[in-house]
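Thank you all for coming; I would like to take a few minutes to walk through one model with you. Please have a look at it first, and then we will go through it piece by piece.

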Amino acid sequence: MENMNSHLKKFKNKKILVIGDIMLDRYILGDVYRVSPEAPVPIVDVKEKTKTLGGAANVAHNLFTLGASPILCGVVGADIIGGEILRELDKLSLDIGNIIIDPNRPTTIKTRVVGNSHQIVRFDEENRERIEDEDVERIVEFIKNKLKNIDGIIISDYNKGVISPQLMSKTLDLVDFSTFIISDPHKDNFESHKHVNLIAPNKEEVGAFCGFNIKDESDLEFAAKKIFHDLACGSILITEGKEGMTLFEGDNKSIHIPTAAREIFDVSGAGDTVVATISLAIVSGMDLESAVRLANSAAGIVVRKMGTSAIKIEELRKEVL
């Protein structure tokens, strides 16, 4: 118990570089009483509208509320939404000097309509094409300038154009082997995430990459072997929603961790919380299994909340101590 508290205290001011797709999550919340006479769809009586940082920005937000000093690197558009994100990051005293403003692409927005606590529809406004080569080089230069002063790296890939084999290869060429790198890959972009210390996809993404539905533990183990072979990563963490998560540390060692959530209200952003917590735990001296168990507890907290949420260090401490 005392050892865990000691590790949590070490989270403070740790510098984690987050590289990935920055977005804004918007929520339209209300009640549903009837079906539209115009079409067989529910009418939502809107009660509230909210917005939160999403994608890589949510990872950075989680790091901040856990006590760390995140450095966010990515791209936003030269539009109103991009400006909103930069202002929100600035309010958190995050360094926004490593974020590229691209006038030729929109800032990604995900808008979820929720009625009676159930998501009805989601609207995505985005450009998923790869960022320009010159922006890749600018990001690589950002990374190069930060490497001496960081404790770890998180790759947050939502397949919105930032993460590519080119960027990952150039990043790994720069990084010292002692720097811990964790990747949260998109299902269509696994090939970009080679040679990282830990890759943390969800079960559906793994199934899409491997080409089959994962129905049981045997399927999960076979999929892990394929990922180890194809990506040459150090370890694999497969998140499984209400079933928890499974950690593979090499071909012959796997540990299943049941979910810590007492109820699941909204899984949006839970993966961001997981990778943020693991990265801080590792750079604070925890072993990988303990770090994953801690992240499982953190995820159990945020899924009980509506919308994309950042976990606070006080919440995590109360949960595990």
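Ser117 counts as partly exposed, because its relative accessibility is 40%, and that lies between the cut-offs of 20% for buried and 50% for exposed. Please keep in mind throughout that this is a predicted model. Ser117 is found in the loop between β6 and β7, and its phi is near 70°, which is a positive value in a residue other than glycine. Most residues other than glycine have a negative phi. A second residue of this kind is Ala232, whose phi is positive as well, near 50°. Ala232 sits in the loop that runs between α7, residues 217-231, and β11, residues 235-239, and with a relative accessible area of 40% it is partly exposed.

Let me turn to the open space in the model. How much space lies in the largest pocket? The volume comes to about 1000 Å³, and the lining is made of 45 residues, with Asn202, Val267, Gly269, Ala270 and Gly271 lying nearest the centre of the pocket. If we sort the lining of the largest pocket by class, we find 15 nonpolar, 14 polar and 16 charged residues. Several elements supply at least two residues each to this lining, among them the strands β2 (22-35) and β3 (42-55) and the helices α6 (203-210) and α9. Which element gives the most to the lining of the largest pocket? That is α8, with five residues.

Since α8 has come up, let us stay with this helix for a moment. Its 14 residues should span 20 Å at 1.5 Å a residue, and because the C-alpha atoms at its two ends are 20 Å apart, the expected span and the model agree. Of those 14 residues, 13 are buried, so α8 is largely enclosed by the rest of the structure. Just beyond the helix comes the loop between α8 (270-283) and α9 (288-302), and Ser284 has its place there. Is Ser284 buried or exposed? Its relative accessibility is 4%, and therefore Ser284 counts as buried. If we leave aside neighbours within four places in sequence, Ser284 is in contact with His7, Lys10, Phe11 and Lys14. Gly285, which follows α8, has a positive phi, near 105°.

One of those contacts, Phe11, leads us into the interior. The largest nonpolar core has 57 residues, and the members that touch the most others are Phe11, Leu63, Leu72, Leu237 and Ile278. There is also a second, separate core of 38 residues, which includes Ile139, Ile143, Met168 and Phe228. In soluble globular proteins, nonpolar side chains tend to be buried together. To see what the surroundings of a core member look like, take Leu237, which is in contact, apart from neighbours within four places in sequence, with residues including Leu198, Pro201, Met245, Val274, Ile278 and Val292.

The model also has closed space, and here the count is one cavity of 30 Å³ or more. About 100 Å³ of space lies in the largest cavity, and of the 14 residues that line it, Ile22, Val75, Arg105, Thr108 and Lys160 are the closest to its centre. Strand β4, residues 71-77, gives the most to this lining, with three residues. By class, the lining of the largest cavity has six nonpolar, five polar and three charged residues.

I will finish with two more loop residues. Gly244 lies in the loop between β11 and β12 (245-248), and because its relative accessibility is 4%, Gly244 counts as buried. Not counting neighbours within four places in sequence, Gly244 is in contact with Ile238, Thr239, Ile257, Pro258 and Thr259. Ile96, for its part, is found in the loop between α3 (80-91) and β5 (99-102), and at 29% relative accessibility Ile96 counts as partly exposed. Beyond residues up to four places away in sequence, Ile96 touches Leu86, Leu89 and Asp90. How far apart in space are Ile96 and Leu63, C-alpha to C-alpha? The answer is 15 Å, for two residues that are 33 residues apart in sequence.

How values were computed. Residues numbered from 1 in each chain as written. Predicted model: local features only at pLDDT ≥ 70, side-chain atom pairs only at ≥ 80, totals over all residues. Heavy atoms only, no water. Helix = DSSP H or I, 4+ residues; strand = E, 2+ residues; numbered from the N terminus. Buried < 20%, exposed > 50% of the residue type's maximum accessible area, 1.4 Å probe, protein only. Contact = heavy atoms within 4.5 Å. 1 Å grid on protein atoms, 1.4 Å probe; cavity = no way out; pocket = protein on both sides within 12 Å on 5 of 7 lines; lining within 4 Å. Points joined across faces, edges and corners; volume = space filled by probe spheres on them. Nonpolar A, V, L, I, M, F, W, Y, C, P; charged D, E, K, R; others polar. Expected span 1.5 Å × (residues − 1). Core = buried A, V, L, I, M, F, W, Y, C linked by side-chain atoms within 4.5 Å.
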